[in-house]
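Grab your viewer and work through these exercises at your own pace. Each one has a task and then a solution in steps.

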Amino acid sequence: MRFRAFPIPAFPDPMPDTHDTPASTGTSLQGAVSPAEWTLRCELAAAHRLVAHFAFVDMTYNHISARCPDNPGHFLVKADNVFMEQVTASNLVKYDLSGKQVMASAWKASPAAYNVHASVLSARPEIMAAVHTHSPANLAVSAQADGLLPLTQQAMRFYERIAYYPNEVDDTTREGTDFMAKALGDKWVMILENHGALVCGTTIAEAYIYHHFFELACRAQIGALAGGVKLKMPSHETCVERARKFGRIGAYDSKSRDWVASMALVEKHYPDYRS
Ligand SMILES: [Zn+2]
């Protein structure tokens, strides 16, 4: 039997070209930037590897930023053409809070990436790092009308501490991301409705660790709601107390045991993160 050959429609014009730079050019920025910036670059690259390891990679569309130690008006963020698992200390790119790339690099970030982080870091000087992801679990919760429910201890950390951002403006433009930063208000975690999550911290370690807890909370919620049985909903008082005790901002830095263990994992499995 012969299969009929259907004509294959031509693709429209190719996607706008970004650039052909591979994840590594073999040139390290170690020595070209300050020791403090190099340390930050290594931690930020490690955080990307950890999200890839434990959560999910939505192609090239998710990113983490960190404010530069030598200039709070500058930040580093993931390049537009690499997966989280391909981020290295040297392929992170540097922007200012206006969204302008400020250090020569073979890479650049996508407007969606630098605009989100520029807006959030401009609006909130105390935020030092921010994680933005679309994991299957946080996407699912972002599509649920009641958002994150306090069904688990992980979720209770975020009780009454989550901002919600409606998916109604173009969040790849600076105008849209400024609106997003306004929606964050004084919170540190935001569910981007029908879109994903934004988790911020006073350090890279903190943003990453809270993102991890948030991811677990979302996975557990999806599982619990799919179980088809009556759920145990803790009291308001229990949730408030849990959030007060275990959801404190400023609790995690590079010496925190979770981050030390996380860095050891990256060192073992993904040692090229610091190239
Ligand atoms: Zn997104």
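**Exercise 1. Look at the two faces of strand β4 and work out which residues sit on each side, and whether they are buried or exposed.**

Step 1. Keep in mind that this is a predicted model. In a regular strand, side chains alternate between the two faces of the sheet.

Step 2. Sort the residues by side. Ala129, Val131 and Thr133 go on one side, while Ala130 and His132 go on the other.

Step 3. Apply the cut-off: buried means under 20% relative accessible area. Every one of these residues passes, on both faces of β4.

Step 4. Put it together. With 5 of its 5 residues buried, β4 (residues 129-133) is largely enclosed by the rest of the structure.

**Exercise 2. Find the strands that pair with β4, and say in which sense they run.**

Step 1. Start with β1, residues 63-67. This strand pairs with β4 in the antiparallel sense, over 4 bridges.

Step 2. Pin down the register there: histidine 63 faces histidine 132 of β4.

Step 3. Now try β7, residues 196-201. Here 5 bridges make the link to β4, again with the strands antiparallel.

Step 4. Check two positions of that pairing. Threonine 133 is opposite alanine 197 in β7, and alanine 130 is opposite cysteine 200.

**Exercise 3. Repeat the burial analysis for β7, then find what pairs with β7 through a hairpin.**

Step 1. Split the side chains by direction. Gly196, Leu198 and Cys200 point one way, and Ala197, Val199 and Gly201 point the other way. All of them are buried.

Step 2. Draw the conclusion: 6 of the 6 residues of β7 are buried, so this strand is largely enclosed by the rest of the structure.

Step 3. Look for the hairpin partner. That's β6 (residues 189-192), which pairs with β7 in the antiparallel sense over 4 bridges. Methionine 190 is the residue opposite leucine 198.

Step 4. Inspect the turn. The hairpin of β6 and β7 has 3 residues between the strands, and asparagine 194 takes a positive phi near 60° there.

**Exercise 4. Take the positive-phi residues glutamate 160 and asparagine 194, and decide where each one sits and how accessible it is.**

Step 1. Recall the background: most residues other than glycine have a negative phi.

Step 2. Do glutamate 160. Its phi is near 55°, and its place is the loop between α4 (153-156) and β5 (162-165). Glutamate 160 has 57% relative accessibility, so it counts as exposed.

Step 3. Do asparagine 194. This one lies in the loop between β6 and β7, and its relative accessible area of 53% makes it exposed as well.

Step 4. Try a loop residue for practice: proline 166, between β5 and α5 (174-184). At 26% relative accessibility, proline 166 is partly exposed.

**Exercise 5. Which residues does tyrosine 61 touch, once its neighbours within four places in sequence are left aside?**

Step 1. Locate tyrosine 61: it's in the loop between α1 (35-54) and β1.

Step 2. List the contacts. Beyond those sequence neighbours, tyrosine 61 is in contact with His132 and His134.

Step 3. Tie that back to Exercise 2. His132 is the β4 residue that stands opposite histidine 63.

Step 4. For a distance check, go to glutamine 153. Tyrosine 61 is 92 residues from glutamine 153 in sequence and 29 Å away in space, C-alpha to C-alpha.

**Exercise 6. Zoom out and judge how compact the whole chain is.**

Step 1. Count the elements: 8 helices and 7 strands.

Step 2. Compare with the globule rule. The radius of gyration is 20 Å, close to the 19 Å given for 275 residues, so the chain is as compact as a globular protein of that length.

Step 3. Add the burial and contact numbers. Buried residues are 46% of the chain. Of the contacts with a separation of 6 or more, 72% join residues 24 or more positions apart.

Step 4. Finish with surface and charge. The accessible surface is about 13900 Å², with 57% belonging to carbon and sulfur atoms. There are 26 positive and 28 negative side chains, and the centres of the two sets lie 6 Å apart.

Technical notes. Residues are numbered from 1 along each chain as its sequence is written. This is a predicted model: local features need pLDDT of at least 70, side-chain atom pairs count only at pLDDT 80 or more; totals for chains, interfaces and linings use all residues. Side-chain values use heavy atoms; hydrogens and water are left out. Buried means under 20% relative accessible area, exposed over 50%, partly exposed in between (1.4 Å probe, protein chains only). Two strands pair if DSSP finds at least two bridges between them. The radius of gyration is taken over C-alpha atoms; the globule rule is 2.2 Å times the number of residues to the power 0.38. Contact means heavy atoms within 4.5 Å. Accessible areas come from the Shrake-Rupley method with a 1.4 Å probe; for residues, only the protein chains shown count as cover. Lys and Arg count as positive and Asp and Glu as negative; His and the chain ends are not counted. The place of a charge is taken as NZ of Lys, CZ of Arg, CG of Asp or CD of Glu.
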